[in-house]
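Hi everyone, thanks for making time. I'd like to walk you through one protein today, so have a look at it first and then we'll go through it together.

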Amino acid sequence: MSTQNHTEEKFSVALESIQSKRRIECVMEAANALLDRYAAQPDPEERLKLVFELIRRNFTPEIAVVFGSLALGTDGLVGVAGTEAVPPVPPGGLRGQTVFHCKIFGPDRRNGSLTAFYTEPGSMGLTNAEWLAAMRLLAGIAGLGVGGHVTCPA
């Protein structure tokens with residue numbers, strides 16, 4: 001390997017690291033904005049609506065949330081026992097390549113789920129791994145916002 005190729009490779013790795021840090025900072029800003037909005041909204045279902053809109057606008061339009069009697073982004077499609085969120089197939093019939101699904105457990109035996117699909121790079125330029133980490137963070141905030149918790153894939 002020539003010195004120039006080695007230098008170019010190091011530069012490429014450093015640039016990717018900087019870009020990754022910027023993308024992660026954008027995710028953290030979105031999570032902080034969500035928490036700020038939560039402070040002004042005590043209603044659990046309204047908090048889920050805030051999460052849904054934040055994800056739909058910034059992370060993927062292919063999202064559905066079901067919780068108790070609330071169904072967002074499902075277009076009437078709800079899975080097993082009414083607790084599985086199923087986003088409709090987008091125009092063109094192709095779903096995102098990466099799938100995120102978590103179960104939401106709230107107080108008073110209310111439960112539901114959040115399901116989203118993603119195709120890299122998306123509007124924020126996130127890698128699939130970064131997007132999955134962002135979704136776990138936001139889903140965790142959603143679970144806390146309803147007074148419960150979520151279980152998400154690792």
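Before anything else, one term: a residue counts as buried when its relative accessible area is under 20%. Keep that in mind, and keep in mind too that this is a predicted model.

Okay, the overall picture. The protein has 3 helices and 5 strands, and along the sequence they come in the order α-α-β-β-β-β-α-β. There are 154 residues, and 36% of them are buried. If you take the contacts between residues at least 6 apart in sequence, 53% of those connect residues at least 24 apart.

Now let's zoom in on strand β4, residues 111-118. Here 7 of the 8 residues are buried, so the rest of the structure largely encloses this strand. Who are its partners? On one hand there's β1, residues 63-67, antiparallel to β4 and joined to it by 5 bridges. On the other there's β3, residues 98-105, also antiparallel to β4, with 8 bridges. Look for Gly-112 in β4: Phe-67 is its bridge partner, and Ile-104 stands opposite Gly-112 as well. β3 and β4 make a hairpin with 5 residues in between, and Asp-108 in that turn has a positive phi of about 60°.

Next, rings. How many aromatic pairs does a search of the whole structure find? Just 1. It's Tyr-118 with Trp-131, and they're stacked, 4.7 Å centre to centre with 5° between the planes. What I like is that Tyr-118 belongs to strand β4 while Trp-131 is in helix α3, residues 128-145, so the pair links distant parts of the chain, 13 residues apart. Both are buried: Tyr-118 has a relative accessible area of 3%, and Trp-131 is at 0%. While we're on rings, check out Phe-117: the charged end of Arg-95 sits over that ring, 4.4 Å from its centre.

Last topic, cysteines. A disulfide is a covalent bond between the sulfur atoms of two cysteines. The search of the whole structure comes back with 0 of them. So why don't Cys-102 and Cys-152 count? Cys-152 has the closest cysteine sulfur to that of Cys-102, but the gap is 3.8 Å, which is too far for a bond; the cut-off is within 2.5 Å. Cys-102 is buried, at 1% relative accessibility, whereas Cys-26 is partly exposed at 37%.

That's my tour, thanks for listening!

Terms used. Residues numbered from 1 in each chain as written. Predicted model: local features only at pLDDT ≥ 70, side-chain atom pairs only at ≥ 80, totals over all residues. Heavy atoms only, no water. Helix = DSSP H or I, 4+ residues; strand = E, 2+ residues; numbered from the N terminus. Buried < 20%, exposed > 50% of the residue type's maximum accessible area, 1.4 Å probe, protein only. Contact = heavy atoms within 4.5 Å. Pairing = 2+ DSSP bridges. Phe/Tyr/Trp six-rings, centres within 6.5 Å; stacked < 30°, edge-to-face > 60°. Lys NZ or Arg CZ within 6 Å of the ring centre and 35° of its normal.
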